[in-house]
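Please consider the structure shown below. The paragraphs that follow lead through its main pocket, its salt bridges and its aromatic contacts.

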Amino acid sequence: MIDSRIPQRQTVLIVDDTPENLTLLYGLLKDRYRVLVANSGERALHLLAGEVLPDLVLLDVMMPGIGGFAVCRQLKSEARTARIPVIFLTAMGEHEDEQAGFDAGAVDYIVKPISPPIVLTRVNTHMQLKAAADFLEDQAAFLRREVEIRTREVQVIQDVTIMALASLAETRDHETGNHIRRTQNYVRALARQLQSHPRFCSVLDDDTIDMLYKSAPLHDIGKVGIPDAILLKPGKLTPEEFEIMKTHTTLGRDAISTAERLLDAPSSFLRLAREIANYHQEKWDGSGYPEGLSGDAIPVSARLMAVADVYDALISRRVYKPPFPHEQAVEMIHNGRGQHFDPDMVDAFEAIAEEFRAIARRYADE
């Protein structure tokens, strides 16, 4: 067994169809490096397809069958061998031949008949460069892995924090159950359905849809500021009580805005969360709240949430009403097309209404 603590010698692959050249180069390099030899381009490619790759290739240009340029191009075309430096061995001295070699991917040329000091110096130089490149690549790969791990950790912490905050609002109303789970899945399904729509394709890219899914649970975070007597009232709210209930949108907006101000840089995630919290009660015809926005002035994120939130409210039991059947909820949203809801979003909702039904069943309240 090889002791992993002992530094392993770097490996050179010598490719030449002349036995004398192979013998000469092998004798010159064997005391410093592990040496592999191949007497043809075909044999070289066979060795390069094996598990143990050389750190450098000394490659004859003129060989029967597959020549040196072809071997080099093949080596450089594959990801696992592309970073292996190639030094051409050639008796040709024309500049255009050298240029062809560099175009094929070589890092250097050694002209025959070879000079041992030149060979040793060139090989040593490129071995050092290869070792440095490998070290940097290993470090870069290690750092990439660490960044990926830390990023996943941050994402998990963010997701858990979001759900904890959303659940805080949910605990104020014991009958909402899995409302936040259902609505975030409705929003994602509807956004995906609209992703190819001309009005929304420039807005609803994959990253934005992912952020919408994660930020949707915060849409009712402002309800933590609504008194129980109003939030849990079984009957119809008085006009004064309704005005207080409407403030859950601005309370949620202000809470998220406070978090945004604590960051050194703008956050797309928090921006979407703030839009949803503030504007999900706006209506397409301008009759909603808190600002009475209409049409495209309402952010896309809030328009998506409006459909999702209303559908879930309709099919769910509340202190002030029984649940409506799925078909009736779909009909009621259809009737709100162009009034409460963006017409194109209603069309998209109707196209995937069965997916909404499946989500509702998957995250049904106990």
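The lining of the largest pocket is made up of 15 nonpolar, 8 polar and 9 charged residues. The model is a predicted one, and this pocket has a computed volume of about 1000 Å³. There are 32 lining residues, and those closest to the pocket centre are F242, Q281, Y289, A313 and Y320. Four helices each supply at least two residues of the lining: α8 (228–231), α9 (239–261), α11 (300–315) and α12 (326–335). Helix α11 provides the largest share, with 5 residues.

Helix α11 also leads to the salt bridges, of which the whole structure holds 26. R303 and D342 form one of them, with an N to O distance of 2.8 Å. R303 belongs to helix α11, whereas D342 lies in the loop between α12 and α13 (343–351), so the salt bridge ties together parts that are 39 residues apart in sequence. The cut-off for a buried residue is a relative accessible area under 20%. R303 is at 7% relative accessibility and therefore counts as buried; D342, with a relative accessible area of 3%, is buried because it too falls under that cut-off. The pair does not stand alone, as R199, D296, R303, D342 and D344 are linked in a network of salt bridges.

Two further salt bridges may be set beside this network. In one, K233 meets E241, and the closest N and O atoms are 2.6 Å apart. K233 has a relative accessibility of 22% and so counts as partly exposed. In the other, R144 pairs with E137, the closest N and O atoms being 3.2 Å apart. R144 is partly exposed, with a relative accessible area of 43%, and E137 is likewise partly exposed, at 33%.

The aromatic contacts come next. A pair of aromatic rings is described by the distance of the centres and the angle of the planes. The structure contains 9 aromatic pairs. In one of these, the ring centres of F69 and F88 are 5.2 Å apart and the planes stand at 80°, so the pair is edge-to-face. This pair links distant parts of the chain, for F69 is in helix α3 (residues 68–77) and F88 is in strand β4 (residues 86–90), 19 residues apart. Both F69 and F88 are buried. Ring pairs join F69, F88, F102 and Y109 into a cluster.

A contact between a charge and a ring completes the account: the charged end of R188 sits over the ring of Y213, at 3.8 Å from the ring centre.

Definitions and conventions:
Residues numbered from 1 in each chain as written. Predicted model: local features only at pLDDT ≥ 70, side-chain atom pairs only at ≥ 80, totals over all residues. Heavy atoms only, no water. Phe/Tyr/Trp six-rings, centres within 6.5 Å; stacked < 30°, edge-to-face > 60°. Buried < 20%, exposed > 50% of the residue type's maximum accessible area, 1.4 Å probe, protein only. Lys NZ or Arg CZ within 6 Å of the ring centre and 35° of its normal. 1 Å grid on protein atoms, 1.4 Å probe; cavity = no way out; pocket = protein on both sides within 12 Å on 5 of 7 lines; lining within 4 Å. Points joined across faces, edges and corners; volume = space filled by probe spheres on them. Nonpolar A, V, L, I, M, F, W, Y, C, P; charged D, E, K, R; others polar. Salt bridge = Lys/Arg side-chain N within 4 Å of Asp/Glu carboxyl O.
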